[in-house]
Amino acid sequence: YDKHVIFSPMITVNGDEAKVESYFAAFKDGDGGPAIGVYGLYHDTLVKENGTWLIKERLAEVETGLRK
């Protein structure tokens, strides 16, 4: 079982560039069912090229990982 979710984005747009902070969580198989393998905060920089938003940079601030 693997699932990656991104939630609660905070978006600031300035022309053709945007800054986005969003939380993420990755779920893995754990004892007795799914468990959070890792979670944290993404810091993204997006740029708009030819009308399409693209991720220019993504930094992951990892808050924890699954301990065994």
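**Exercise 1. Is Tyr23 buried, exposed or partly exposed, and what is its relative accessible area?**

Solution. The structure is a predicted model, in which local features need pLDDT of at least 70 and side-chain atom pairs count only at pLDDT 80 or more, while totals for chains, interfaces and linings use all residues. Residues are numbered from 1 along each chain as its sequence is written, and side-chain values use heavy atoms, with hydrogens and water left out. The classes are set by relative accessible area, with buried under 20%, exposed over 50% and partly exposed in between (1.4 Å probe, protein chains only). Tyr23 has a relative accessible area of 39%, so it is partly exposed.

**Exercise 2. Determine how many aromatic pairs the structure holds, and classify each by its geometry.**

Solution. Rings of Phe, Tyr and Trp (its six-membered ring) pair if their centres lie within 6.5 Å, and planes under 30 degrees apart count as stacked, over 60 as edge-to-face and the rest as tilted. The structure holds 2 aromatic pairs. For Phe7 and Tyr23, the ring centres are 6.1 Å apart and the planes stand at 20°, so this pair is stacked. The two residues are 16 apart in the chain, with Phe7 in strand E1 (residues 3-14) and Tyr23 in strand E2 (residues 17-30); strands here are DSSP runs of at least two residues, numbered from the N terminus. Phe7, at 40% relative accessibility, counts as partly exposed. The pair of Phe24 and Tyr42 is also stacked, with 4.3 Å from centre to centre and 25° between the planes. Because Phe24 lies in strand E2 and Tyr42 in strand E3 (residues 33-49), this pair ties together parts that are 18 residues apart in sequence. Both Phe24 and Tyr42 are buried.

**Exercise 3. Identify the residue that lies over the face of Tyr42, and find its salt-bridge partner.**

Solution. A charge sits over a ring if NZ of Lys or CZ of Arg is within 6 Å of the ring centre and within 35 degrees of the ring normal. Arg58 lies over the face of Tyr42, at 4.0 Å from the ring centre. A salt bridge is a side-chain nitrogen of Lys or Arg within 4 Å of a carboxyl oxygen of Asp or Glu, and Arg58 forms one with Asp44, the closest N and O atoms being 2.8 Å apart. This pair links Asp44 in strand E3 with Arg58 in strand E4 (residues 52-65), 14 residues apart. Asp44 counts as buried at 6% relative accessibility, whereas Arg58 is partly exposed, with a relative accessible area of 36%.

**Exercise 4. Give the total number of salt bridges, and describe the one formed by Lys28.**

Solution. The count comes to 2 salt bridges. Lys28 is bridged to Asp2, with 3.1 Å between the closest N and O atoms. Since Lys28 lies in strand E2 and Asp2 in the segment before E1, the pair ties together parts that are 26 residues apart in sequence. Lys28 is partly exposed, with a relative accessible area of 38%, while Asp2 counts as exposed at 57% relative accessibility.

**Exercise 5. State how E1 and E2 run relative to each other, and describe the turn between them.**

Solution. Two strands pair if DSSP finds at least two bridges between them. E1 and E2 run antiparallel and are joined by 10 bridges, with His4 standing opposite Ala26 in E2. The two strands form a hairpin with 2 residues between them, and Gly15 in the turn has a positive phi of about 70°.

Definitions and conventions
Helix = DSSP H or I, 4+ residues; strand = E, 2+ residues; numbered from the N terminus.
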